[in-house]
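Biologist: Could you walk me through this model, one question at a time? I would like to see the reasoning behind each answer.

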Amino acid sequence: MQSAKICLNFLLKKSIQVVNVDKVKNKFESKNYKFLKFDIRNRKNFDHIPNFNYSCVINLAAVSDIKECDKNPNLAISTNIIGHYNILNFLKNIGYKNLFLYASSSAIYGSNSKSNILETTQPKPKSLYGYSKLSLIHI
């Protein structure tokens, strides 16, 4: 959640138009900001998103706490994987061709993920969270 807040603050300070989709309450006020409250896990929610002229889409949604993922694997999988897929499917359906970014995680490299990670480092996730983030590379 902290990375989303930092990203939104950065974009809004640059006067970039932002549409934020989240299942929690709106925390920002700006003329360049539109908030849509819904859960990305439900594909049908995407039917209600206006087709804006998006220049970039950033997916920062995730159940990122490793203990929470282990405690509630259905929530983790449905948010981290199914929610991501629903975003991609929505973008495909509207013919989106611009930039798409998502927040990966060093957790895909396992327990030694704080050490040097290079482009050649092989993924070795040790948690459901790490596996869920790694799977997004292949979607």
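Modeller: Happy to! A residue is called buried when its relative accessible area is under 20%. Please keep in mind that this is a predicted model.

Biologist: What share of the 139 residues in the protein is buried?
Modeller: The cut-off is a relative accessible area under 20%. Out of the 139 residues in the protein, the buried ones make up 35%.

Biologist: In which order do the elements of the protein run from the N terminus?
Modeller: There are four helices and four strands to place. Starting at the N terminus, the order is α-β-β-β-α-α-β-α.

Biologist: How does the radius of gyration compare with what the globule rule gives for 139 residues?
Modeller: For 139 residues the globule rule gives 14 Å, and the protein is close to that, so it is as compact as a globular protein of that length. The C-alpha atoms fill a box of roughly 45 × 30 × 30 Å along the principal axes. The radius of gyration itself is 16 Å.

Biologist: Which helix gives the most to the largest nonpolar core?
Modeller: In soluble globular proteins, nonpolar side chains tend to be buried together. Here the largest nonpolar core has eleven residues, including L36, F38, I40, F46, I87, F90 and L91. With three residues, the helix that gives the most to this core is α3, residues 73–93.

Biologist: Leaving aside neighbours within four places in sequence, which residues are in contact with F46?
Modeller: F46 is itself a member of the largest nonpolar core. With its neighbours within four places set aside, its contacts are F38, I40, N86, I87 and F90.

Biologist: Is K71 buried or exposed?
Modeller: K71 lies in helix α2 (residues 66–71), three residues from E68, about one turn of the helix. Their side chains meet in a salt bridge, at 3.9 Å from N to O. E68 is partly exposed at 26% relative accessibility. K71 has 67%, and over 50% counts as exposed.

Biologist: Which residue does R41 meet in a salt bridge?
Modeller: The structure holds two salt bridges. R41 is partly exposed, with a relative accessible area of 30%. At 2.5 Å from N to O, the side chain that R41 meets is that of D39.

Biologist: Which residues make the nonpolar surface patch of about 240 Å²?
Modeller: One of them, I58, sits in strand β3, residues 56–59. At 34% relative accessibility, I58 is partly exposed. The patch is made by I58, L99 and L101.

Conventions:
Residues numbered from 1 in each chain as written. Predicted model: local features only at pLDDT ≥ 70, side-chain atom pairs only at ≥ 80, totals over all residues. Heavy atoms only, no water. Patch = residues over 30% accessible without salt bridge, like charges linked within 9 Å, V, L, I, M, F, W, Y side chains within 5 Å. Areas by Shrake-Rupley, 256 points an atom, 1.4 Å probe, with all protein chains shown as cover. Salt bridge = Lys/Arg side-chain N within 4 Å of Asp/Glu carboxyl O. Helix = DSSP H or I, 4+ residues; strand = E, 2+ residues; numbered from the N terminus. Buried < 20%, exposed > 50% of the residue type's maximum accessible area, 1.4 Å probe, protein only. Rg over C-alpha atoms; globule rule 2.2 N^0.38 Å. Core = buried A, V, L, I, M, F, W, Y, C linked by side-chain atoms within 4.5 Å. Contact = heavy atoms within 4.5 Å.
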